Amino acid sequence: MAIIQVDNVSKAYRTQTVLEQVSFTVKPGECFGIIGPNGSGKSSLLKLLSGIDKPDTGRVLLEGRIAHSYPRKQLAQWMAVLEQDSLPPLGFTVREMVAMGRYPFQNWLGDESAADVEPLIEHILQRLQLEVLADRTVDRLSGGERQRVALGKLMAQQPRLLLLDEPTTYLDIGYQLQMMEWIRDWQQKEPLTVIAVLHDLNLAAQYCDRLLLMEAGRIVTIGRPREVIHSELLEPVYHTRPIVLEHPVYEVPQILLHADRKNSRIKGED
Ligand SMILES: Nc1ncnc2c1ncn2[C@@H]1O[C@H](COP(=O)(O)OP(=O)(O)OP(=O)(O)O)[C@@H](O)[C@H]1O
């Protein structure tokens with residue numbers, strides 16, 4: 001069974017349609033990327049997948065059940081969402097913040113004691129190279145460090161489904177790669193499905209099994225990176241024609257940006 005099934009979903013905010021007749025499925029264990037220009041509806045789609053929002057028409061099923069009908073706590077026991085800069089700037093330390101990922105598993109009977117989860121938390125801090133920052137409060141971290149802590153919190157949650165909205169924002173190229181490698185590594189060790197909104201088409205092509213390309217709330221195409229990262233498909237969507245080459249090591253398509261000076265929209269260019 002598909003872990004996610006989206007059937008003919010449409011959504012409007014007031015009079016503006018942001019998603020129109022969107023349908024696709026995601027299989028367990030896949031890394032599924034959502035790409036498209038600014039304002040094309042990627043985050044709106046992710047909100048429907050996470051059950052935060054509900055479609056006006058059509059339906060979103062998570063393991064066969066309507067997404068927004070799940071009680072939030074039940075959903076949090078198997079789904080985790082990483083939003084852009086999702087950590088509140090409170091006075092919690094890095095270690096406390098990562099441990100907060102266990103909240104959906106605690107109740108007033110105190111199912112899990114701090115001692116139960118301590119080895120898991122320490123393992124995550126070590127894996128994400130956060131040990132030296134463990135006792136620092138999150139308001140005293142850089143944007144990139146905060147993003148790593150946010151990932152650590154999700155790892156502590158041990159979800160089966162991970163939704164990521166621009167996970168590499170604020171990260172330098174070293175950590176961008178590291179973040180995607182951690183996620184891939186995690187996927188190889190545990191049964192985890194990943195759905196990621198990515199602006200970086202090269203990272204998307206390198207790490208995702210399939211890509212969904214969106215434009216103005218509609219699906220342009222869904223396919224393997226090789227089928228989607230094509231200058232003919234990307235040009236009308238992004239209004240620029242990238243050069244597409246094959247990665248010399250991974251054999252996946254990669255893009256080089258190329259300004260067409262004759263058709264440049266920048267004033268003064270010829
Ligand atoms: N809560 C809201 N109320 C009204 N309009 C909204 C709301 N959320 C999003 N929109 C509009 O819906 C459209 C799609 O936005 P969305 O954030 O889903 O796009 P996106 O593809 O994630 O964009 P970006 O790449 O810039 O993050 C935009 O025109 C946006 O202004």
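**Entry 1: Thr-221**

I looked up Thr-221 first and found it in strand β10, residues 218-223. The model I am working from is predicted. I then checked how covered the residue is. Thr-221 is partly exposed, because 14 other C-beta atoms lie within 10 Å, between the 12 or fewer of an exposed residue and the 20 or more of a buried one.

Which residues does Thr-221 touch, leaving out those up to four places away in sequence? I noted Leu-213, Val-228 and Leu-233. I followed up on Leu-233. Thr-221 and Leu-233 are twelve residues apart in sequence, and their C-alpha atoms are 8.6 Å apart in space.

**Entry 2: β11 and β12**

Next I went to strand β11, residues 243-246. It runs antiparallel to β12, and four bridges join the two. I found Glu-246 opposite Pro-253 of β12. The hairpin of β11 and β12 has six residues between the strands. I checked the backbone there, and Glu-251 takes a positive phi near 55 degrees.

Which residues of β12 lie on its covered face, and which on the uncovered one? In this strand, residues 253-256, I put Pro-253 and Ile-255 on the covered face. Gln-254 and Leu-256 are on the uncovered face. In a regular strand, side chains alternate between the two faces of the sheet.

**Entry 3: the ligand shell**

I listed what surrounds the ligand. Early in the numbering I have Tyr-13, Gln-16 and Val-18. I then added Gly-36, Asn-38, Gly-39, Ser-40, Gly-41, Lys-42, Ser-43 and Ser-44. Two elements give two or more residues to this shell: β2 (16-26) and α1 (42-49). The most comes from α1, with three residues. I sorted the shell by class and got two nonpolar, eight polar and one charged residues.

**Entry 4: the two domains**

I looked up the domain division. Domain 1 covers 1-78 + 159-224, and domain 2 covers 89-156. Their centres, taken over C-alpha atoms, are 24 Å apart.

How many residues of each domain are in contact with the other? I have twelve from domain 1 against nine from domain 2. On the domain 1 side, α2 (72-76) and α6 (173-189) each supply at least two of the touching residues. The largest share is from α6, with four residues. By class, this side of domain 1 has nine nonpolar, one polar and two charged residues.

I set the two class counts next to each other. The ligand shell has eight polar residues, and the side of domain 1 that touches domain 2 has nine nonpolar ones.

Conventions. Residues are numbered from 1 along each chain as its sequence is written. This is a predicted model: local features need pLDDT of at least 70, side-chain atom pairs count only at pLDDT 80 or more; totals for chains, interfaces and linings use all residues. A residue is near a molecule or strand if its C-beta atom, placed from the backbone, lies within 6 Å of it. Ala, Val, Leu, Ile, Met, Phe, Trp, Tyr, Cys and Pro count as nonpolar, Asp, Glu, Lys and Arg as charged, and the others, Gly among them, as polar. Domain bounds come from an automatic or database domain assignment. Two residues are in contact if their C-beta atoms, placed from the backbone, lie within 7 Å. Two strands pair if DSSP finds at least two bridges between them.
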